[in-house]
Amino acid sequence: MKDTLIIDFLVEDRYRFWRHCTFLLFFFGLMYFARFWHWFSGIYQYYALAFVYTSLVIMAYINMYVLVPVFFFRSRYIVYVIFLLMLGIGGLNLIGYGFNHLFSEYRLNSMEGESRKTGLYEGAMMCISIIMMTTTVKLLQKWIRDNKRITELSNLTLRMELNELRNQINPHFLFNMLNNVKALIRTDPEKATTVIMKLSEFLRYQLYENGEEKTLLTSEIEFLSNFINLEKIRREDFSVDMNVAIDKRTLNSIFIPPNLFTTFVENAVKHSVDISGKEYYIKIHIMIENKKLHFTCINSRNSDYRPAEKNSGGLGLANIKRRLELLYRNTYHLDIVSTDKEYTVNLIVPV
């Protein structure tokens, strides 16, 4: 229980204010027991303490919220060290400037020799201590958060896999497709063969590739194509426009989590039903730009049609949104726009 409380105090946002207060008080305690501010007379020793304390706190926060996340966490260690040295040198020079120009006339003569000997050493030790402490805290926070994300993602993936095992081979879907094949064998054997092959590819992906942590982008696109084409065969007046603006070499070199787009396409198929008898459609566009994968799915809709609530989400938009958060954190963008005539999904993820 105590270990959990300590971990929560270090990483949870609700403790952010108290974390900062604890850090500032702890660091002030270290500064208070230092000797440098006793070199000055009267109230100016407290001014000197406040000046050095403020300077080092600013350096600490620059390190924690600029240098560590921008450079260290992105594996740019050499650049991080360079800027860290620049920050340390700049901070020490600023403190030295304050001692030599702002507080020089208030320095005690008896401390003149000692201050020259110990000033640089004490300043360097304080800078090193604050850098090590703040960097360690940020690393510990990142490690704890990453472990929690990995655990939560594993648990969510397990739950999704259990749901998929119950729903991935939809009996109603298979029943309709087999009836269509039966009818096509009599009227169009060649088309029936094509349907069987597509159905075989569809089931193979669901049974085998769906269990992998990553799958080729081309495999995911083929799966979506098979799914839509099978639906198109058994539905009249169903228009599909699937545009993949990516060259084959790139398609065969990019890996993504399996079923990343399936939920959106399933929902598009269900919501595109038009009870007025008019043609209904699905438009899918996939492209890569600036090392980001753009997925757009648009489907027609009829404002009078309301699918059953329990079926309208497939695996559920809530699950897919949470999965995106765990996989990509704040590096993805999901925008869903619903109007009376169309339903549009725009998803952007890094690749």
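Biologist: What is the relative accessible area of Thr134?

Modeller: Happy to help, and please keep in mind that this is a predicted model, where local features need pLDDT of at least 70, side-chain atom pairs count only at pLDDT 80 or more, and totals for chains, interfaces and linings use all residues. Residues are numbered from 1 along each chain as its sequence is written, and side-chain values use heavy atoms, without hydrogens and water. Thr134 belongs to helix H5 (helices, H or I, at least four residues, and strands, E, at least two, are DSSP runs numbered from the N terminus). Thr134 counts as buried (under 20%; exposed is over 50%, partly exposed in between, 1.4 Å probe, protein chains only), because its relative accessible area is 1%.

Biologist: Which residues is Thr134 in contact with, leaving aside its neighbours within four places in sequence?

Modeller: Contact means heavy atoms within 4.5 Å. With those sequence neighbours set aside, the partners of Thr134 are Phe23, Ala60, Asn63 and Met64.

Biologist: In which loop is Ser75, and what is its phi?

Modeller: Ser75 sits in the loop between H3 and helix H4 (77–102). With a relative accessible area of 48%, Ser75 is partly exposed. Although Ser75 is not a glycine, its phi is positive, at about 65°.

Biologist: Is Asn290 buried or exposed?

Modeller: Look at the loop between strand S4 (280–289) and strand S5 (292–300), where Asn290 is found. Asn290 is a residue other than glycine with a positive phi, near 55°. Its relative accessible area is 68%, so Asn290 is exposed.
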